[in-house]
Amino acid sequence: MNSFIENPENLCFLQILGLRNLCGSFVGVVVSDQWLQSQFTQVELRSLKSKFVSVKNQNGKVTVEDLPPLMVKLKAFSALLTEDEIRQILGESYTDMSTEFDFETFLRVYLNMQGQATGKLGVSKNSSSFLKASTTTLLHTISESEKATYVAHINIYLADDPFLKQFLPLDPATNDIFNLAKDGVLLCKLINVAVPGTIDERAINTKRVLNPWERNENHTLCLNSAKAIGCTVVNIGTQDLVEGRPHLVLGLISQIIKIQLLADLNLKKTPQLVELVEDSNADVEELMGLAPEKVLLKWMNFHLNKAGYEKTVANFSSDVKDAKAYTYLLNVLAPEYCNPLTLDTKDPVERAKLVLDHAERMGCKRYLRPKDIVEGSTNLNLAFVAQIFHERNGLSTDSKKISFAERMTDDVQISREERCFRLWINSLGIESYVNNVFEDVRTGWILLEVLDKVAPGSVNWKHASKPPIKFPFRKVENCNQVVKIGKQLKFSVVNLGGNDIVQGNKKLIIAFLWQLMRFNMLQLLKSLRSRSRGKEITDADILNWANRKVKISGRTTQIESFKDKSLSTGLFFLELLSAVEPRVVNWNLVTKGESDEEKRLNATYIISVARKLGCSIFLLPEDIMEVNQKMILTLTASIMYWCLQHAADEGEAALSPSNGNGSTTYTSDASPAPSNSGEDERSSLCGEISSMTMDDAASDITVSSSQCENEDTEIATV
């Protein structure tokens, strides 16, 4: 990739195309020391570079003295070190506080400080989600056992894929998995294995050799789709995947596989799980609110209790290391394969081997090695128990119990909306993770986190109680503050009280979350238009923008509202996507949208194309087919946000005179020249993107210069 960009002819070609920040998008922040660069993601490097530049003095220098007030504000240190402690640590290495720093020295100091902060917390520097066998560097380690397990999973589940089978099977002893992940196809296909139908595979760029923007499109599609199935990708950028960064690639693959393995651990998919609780609404609601891994533990302990195992398994690590719990579990689930020697075996490794033999005889694929159990690998043990659950869950088929569970599950529309809001909240990067919206928001804490994210400074944290909350009135206090902030933000909360949230009133919670999501969406759009002196963004503005964009592109389709029944064909959205980026839609794949099947094909293609472009969206094809007004609005607004954002980015990198002889240079930091006529609204728009809150994962994209043609006219008249 670097050699491609360094070639002057290629660079010139990219500049002619108008891909102003292609070099920045792919190469990112470059550090001369490769080891040092490998310690950070591109998202982290961009953030640290921005903060480093912000403290430069009038001479453009940064000294040791400038660092303590900067570093104490960084998330890695703010809760662990005081400013004085940071100054003391720096003083041990630099006696002269006026010593000047460059960015790479700053990064080394950051790593050293991070090590000391971690040591103060009492955690090993090597600790991460991937433990044991270190194969990369000090701070980013991976587990060879996990790598081998994920490779085996990929070799099995993608063996018959028409495109990938030419590269499979992968060798777990090599870096095949990271090299194959670099073009994005593997990760996109794996997402579809985990949650079938998430990505319309017609939108994936599948060629043996992809050019840089095709590869980038695949990774953008992958990251936005990963968010749409519940993965956390806040600190992963497309460049990290292009480079095949082992700890990040393996971390993402781990999340995707985990979602696949735990997909059936809910009452909707497996109503037999109701057997784990008493036949009461409260107990079933509690079960519905548990994270899938907690449900798996509950299921495991249910059977262990029946088998006479005296301990309670509370984790997938230390509590299963001796393999005794597995022995009891398999004996009760598949007694016909029981080996009486297993419990009598003194050696944990040998016992683990007998357990794996037992599991294999009952149909479980053999991913783990005995030492993976004994070493207590959380991810691998969780995967093993999930496999056992899939093969034989041992639960009752009592029709009365199953019927009771089915009555407790939500109707289709509420379930779809809960899914959308859950995924949106988890994509914001807040500290909490939502497993079930209706259960998890009842303390009010998560809603306060979301409000603080979309309206910074709105929450009075001194009057908030963090879970676990012992006293019910504290939950009401939290929820009352949520409603109060909603009023301040001019939400419609006439019939909503804090107690309604505590009680889990689904319709009122959905109504509040929709207003919250819409507020965030409109604020993002407003942030991109603030320099153009635009008024508050309204739904009508978004509608007018979309119609105008399609009309300017030369097409005639127009819509009257976000309830327009003609939207069900999908053709308007395909024309809108084509208008903002002409090459993103392959019209040979588009149907007329006359039958339900044709509408579904168009709808699935629209969602994948929008994500491939860079839109972070959480709707389903049914939302387009049925013209769900809320979801249609979010889709249109996301496309508008992308277009305005890249109009701004393109304006920032506009050609600027480099000297008096008329020659010009491209620079990612260039500011657009002011318009003499005052009519260049795009130039004034382009400088204002500082208040965006979206993560970088979906925004590292390259676009053609035609994407916002005539944007100045549109923005001025929205």
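The expected span of a helix is 1.5 Å times one less than its number of residues. In this predicted model, helix α22 (residues 378–391) can be checked against that rule. With 14 residues at 1.5 Å a residue, α22 should span 20 Å, and its end C-alpha atoms are indeed 20 Å apart, so the two values agree.

The chain to which this helix belongs has 718 residues, of which 52% are buried. Its secondary structure comes to 36 helices and 4 strands. Of the contacts in the chain with a separation of 6 or more, 64% are between residues 24 or more positions apart.

Helix α22 is largely enclosed by the rest of the structure, because 10 of its 14 residues are buried. A residue counts as buried when its relative accessible area is under 20%. In α22 the buried residues are Leu380, Asn381, Leu382, Ala383, Phe384, Val385, Ala386, Gln387, Ile388 and Phe389. Their cover includes α10 (144–157), α15 (246–261), α17 (292–307), α18 (324–333), α20 (348–361) and α21 (370–374).

A second helix to follow is α32 (residues 596–613). From its first C-alpha to its last, α32 reaches 26 Å, close to the 26 Å expected for its 18 residues at 1.5 Å a residue. This helix is mostly covered, with 13 of the 18 residues buried.

The chain on either side of α32 can be described too. Ser595 lies in the loop between α31 (571–580) and α32. The relative accessibility of Ser595 is 33%, so this residue counts as partly exposed. Thr569 is 26 residues away from Ser595 along the chain, and the C-alpha atoms of the two are separated by 8.6 Å. At the other end, α32 is followed by Gly614, which has a positive phi, near 135°.

Helix α32 also packs against helix α13 (residues 212–228), at an angle of about 115° and with the axes 7 Å apart. Angles of 65 to 115 degrees count as roughly perpendicular, and α13 and α32 are therefore described as roughly perpendicular to each other. The crossing in which α13 passes α32 is right-handed. On the α13 side, the contact is made by Glu217, Thr220, Leu221, Asn224, Ser225 and Ala228, and on the α32 side by Ser608, Arg611, Lys612 and Leu613. By type, the residues of this contact divide into 4 polar, 3 nonpolar and 3 charged. An α-helix has 3.6 residues a turn, so residues three or four places apart point the same way.

Conventions:
Residues numbered from 1 in each chain as written. Predicted model: local features only at pLDDT ≥ 70, side-chain atom pairs only at ≥ 80, totals over all residues. Heavy atoms only, no water. Axes fitted to C-alpha atoms, helices over the stretch in contact; angles between N-to-C directions. Helix = DSSP H or I, 4+ residues; strand = E, 2+ residues; numbered from the N terminus. Parallel < 35°, antiparallel > 145°, perpendicular 65-115°, else oblique. Left-handed = near helix turned anticlockwise from the far one by under 90°. Contact = heavy atoms within 4.5 Å. Nonpolar A, V, L, I, M, F, W, Y, C, P; charged D, E, K, R; others polar. Buried < 20%, exposed > 50% of the residue type's maximum accessible area, 1.4 Å probe, protein only.
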